[in-house]
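Grab a pencil and work through these exercises with the model open beside you. Try each task before reading its solution.

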Amino acid sequence: MMANSIADISDQLVGTAAADPQVTKTFESLPSLLQADRALVRIGKMLNVDCLLGPIGGPFLVSIRQGLITEISAASKPMPSWRFSYTASSSAWVEYWRPEPKPGWHDLLALTQKGEESLTGDLYPFMTHLQYFKDLLALPRPAISGQSA
């Protein structure tokens, strides 16, 4: 039987390693999703940071300049340079990207209470631009569910 919605897909993937390729693909789509959201780019226009974002097992080094993702690459270097790191389990990302996430899975900081994420490094740029990062990392919700933004 074919999955018809993100809820069906995420129910199949939560807690399995099979979520990793989809989560990776979703993170790779962030630059184009962000570029299409001019309001969010405008909100982040004062943000210039290199950070580590993504699944715990395979985060991405993300360069953000004037609110745009200018580079995203697998953090394969032994010691990449970044200001802060926000990573979460693949199952947490799948839950977070549901069109209507369950309580506790709906917010980046709520994932902390579940023990599903790790936030480390210099938190100043993350906390100063918290709404930007919440909105940036929520961009895949409508894209995954097939809704228009």
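**Exercise 1. Which residue in E4 is the bridge partner of Cys51?**

Keep in mind that you're looking at a predicted model.

Step 1. Start with the strand pair: E1 (residues 48-55) and E4 (residues 84-88) run parallel, joined by five bridges.

Step 2. Now go to Cys51 and look across to E4: the partner is Phe84.

**Exercise 2. Work out how E1 pairs with E2.**

Step 1. Check the direction. E1 and E2 (residues 60-65) run antiparallel, with six bridges joining them.

Step 2. Pick a register point: Leu53 stands opposite Phe60 in E2.

Step 3. Look at the connection. Four residues sit between E1 and E2, and the two strands form a hairpin.

Step 4. Check how covered E1 is: six of its eight residues are buried, making the strand mostly covered.

**Exercise 3. Place Pro55 in its surroundings.**

Step 1. Find the element: Pro55 is part of strand E1.

Step 2. Decide whether Pro55 is buried or exposed. The cut-off for buried is under 20% relative accessible area. Pro55 has 5% relative accessibility, so it counts as buried.

Step 3. List the neighbours. Leaving out residues up to four places away in sequence, Pro55 touches Val23, Phe27, Thr87, Ala88, Ser90 and Trp93.

Step 4. Try a sequence-versus-space check with Glu117. Pro55 and Glu117 are 62 residues apart in sequence, yet their C-alpha atoms are 8.9 Å apart in space.

**Exercise 4. Track down the salt bridges and say what three of them link.**

Step 1. Get the total: the structure holds four salt bridges.

Step 2. Take Asp50 and Arg65. Their closest N and O atoms are 2.9 Å apart, and the two form a salt bridge. Asp50 lies in strand E1 and Arg65 in strand E2, so this pair ties together parts 15 residues apart in sequence. For exposure, Asp50 has 23% relative accessibility and counts as partly exposed. Arg65 is partly exposed too, at 34%.

Step 3. Next come Asp122 and Arg83, a salt bridge whose closest N and O atoms are 2.6 Å apart. Asp122 is in the loop between strand E5 (117-121) and helix H7 (124-128), while Arg83 is in the loop between strand E3 (68-74) and E4, so to speak a link between distant parts of the chain, 39 residues apart. Asp122 is partly exposed at 32% relative accessibility, and Arg83 is partly exposed with a relative accessible area of 39%.

Step 4. Finish with Lys134 and Asp107, whose side chains meet in a salt bridge at 2.9 Å, N to O. Lys134 belongs to helix H8 (residues 130-138) and Asp107 to the loop between helix H5 (90-96) and helix H6 (110-114), so the pair ties together parts 27 residues apart in sequence. Both Lys134 and Asp107 are buried.

**Exercise 5. Sum up the whole chain.**

Step 1. Count the elements: there are nine helices and five strands.

Step 2. Read their order from the N terminus: α-α-α-α-β-β-β-β-α-α-β-α-α-α.

Step 3. Work out how much is covered. Of the 149 residues in the protein chain, 43% are buried.

Step 4. Look at contact range. Among contacts with a separation of 6 or more, 64% come from residues 24 or more positions apart.

Step 5. Close with the surface: the chain's accessible surface comes to about 8,000 Å², and 54% of that belongs to carbon and sulfur atoms.

Conventions: Residues are numbered from 1 along each chain as its sequence is written. This is a predicted model: local features need pLDDT of at least 70, side-chain atom pairs count only at pLDDT 80 or more; totals for chains, interfaces and linings use all residues. Side-chain values use heavy atoms; hydrogens and water are left out. Buried means under 20% relative accessible area, exposed over 50%, partly exposed in between (1.4 Å probe, protein chains only). Two strands pair if DSSP finds at least two bridges between them. Contact means heavy atoms within 4.5 Å. Accessible areas come from the Shrake-Rupley method with a 1.4 Å probe; for residues, only the protein chains shown count as cover.
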